[in-house]
Amino acid sequence: MLQTLDCTKNKLTDLDVSQNKLLTEIKCRKNQITNLDVSNNPQLEELDCAENQMWALVVSENPALTRLYCGENHLTDLMLNNPELTTLFCNTNQLTTLDLSGSPNLETLGCYSNKIAALDV
């Protein structure tokens, strides 16, 4: 079963990982992906989907997630609830809010170049 997927630097507009429930790592940086559904990937520990065309990202169904890189998209909505998350880079998006309350183990945060007016860390 597939555990690691690296499809970085392609011209992908869509990526369907719903049938790969054992994935622990997805790297799809530098594509043209507009929507990424990782709700069927509960084992996911690292997601690098930076430099795509996404407006929303939901990772609240990924309890094992420790590292998330989703910068340089168009994100206006980022839904987190990841108790194991230690690293988050969501820089250069359109975020106005960022709720980190479900990620108590966060050690590294990069959220620059957004529209966030207040941040509770």
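A strand here is a DSSP run of E with at least two residues, numbered from the N terminus, and Leu5 sits in one of these, strand β1. Keep in mind that this is a predicted model. The protein has 8 strands and 0 helices, and reading from the N terminus you get β-β-β-β-β-β-β-β. Its radius of gyration is 13 Å, close to the 14 Å that the globule rule gives for 121 residues, so the protein is as compact as a globular protein of that length.

**Overall build**

- Laid along its principal axes, the C-alpha trace covers about 40 × 30 × 20 Å.
- Of the 121 residues in the protein, 40% are buried.
- Take the contacts between residues at least 6 apart in sequence: just 2% of them link residues at least 24 apart.

**Surface and charge**

- The protein's accessible surface adds up to about 6,500 Å², and carbon and sulfur atoms account for 45% of that.
- On the charge side, there are 16 negative side chains and 8 positive ones.
- The centres of those two charge sets are 10 Å apart.

**Around Leu5 in strand β1**

- Leaving out residues up to four places away in sequence, Leu5 touches Leu15, Val17, Leu23, Glu25, Ile26 and Lys27.
- Strand β2 covers residues 25-27, so to speak of its members by name, Glu25, Ile26 and Lys27 are among the residues that Leu5 touches.
- Asn20 is 15 residues from Leu5 in sequence, and their C-alpha atoms are 9.8 Å apart in space.

**The aromatic pair**

- You'll find 1 aromatic pair in the structure.
- The partners are Tyr69 and Phe89, and their rings are stacked, with 5.9 Å centre to centre and 10° between the planes.
- Tyr69 belongs to strand β5 (residues 67-69) and Phe89 to strand β7 (residues 87-89), so the pair ties together parts that are 20 residues apart in sequence.
- Phe89 is partly exposed, at a relative accessible area of 28%.

**Two positive-phi residues in loops**

- Lys9 isn't a glycine, yet it has a positive phi of about 60°.
- This lysine, Lys9, is in the loop that runs between β1 (4-6) and β2 (25-27).
- Lys9 counts as exposed because its relative accessibility is 60%, and the cut-off for exposed is over 50%.
- Glu51 also has a positive phi of about 60° without being a glycine.
- Look for Glu51 in the loop between β3 (46-48) and β4 (56-58).
- With 23% relative accessibility, Glu51 counts as partly exposed, since buried would need a value under 20%.

**Pro104 and the loop before β8**

- Pro104 is in the loop between β7 and β8, the latter being residues 108-110.
- Its relative accessibility of 62% makes Pro104 exposed.
- Glu84 is 20 residues away from Pro104 along the chain, and 7.7 Å separates their C-alpha atoms.

Key
Residues are numbered from 1 along each chain as its sequence is written. This is a predicted model: local features need pLDDT of at least 70, side-chain atom pairs count only at pLDDT 80 or more; totals for chains, interfaces and linings use all residues. Side-chain values use heavy atoms; hydrogens and water are left out. Helices (H or I, at least four residues) and strands (E, at least two) are DSSP runs, numbered from the N terminus. The radius of gyration is taken over C-alpha atoms; the globule rule is 2.2 Å times the number of residues to the power 0.38. Buried means under 20% relative accessible area, exposed over 50%, partly exposed in between (1.4 Å probe, protein chains only). Contact means heavy atoms within 4.5 Å. Accessible areas come from the Shrake-Rupley method with a 1.4 Å probe; for residues, only the protein chains shown count as cover. Lys and Arg count as positive and Asp and Glu as negative; His and the chain ends are not counted. The place of a charge is taken as NZ of Lys, CZ of Arg, CG of Asp or CD of Glu. Rings of Phe, Tyr and Trp (its six-membered ring) pair if their centres lie within 6.5 Å; planes under 30 degrees apart count as stacked, over 60 as edge-to-face and the rest as tilted.
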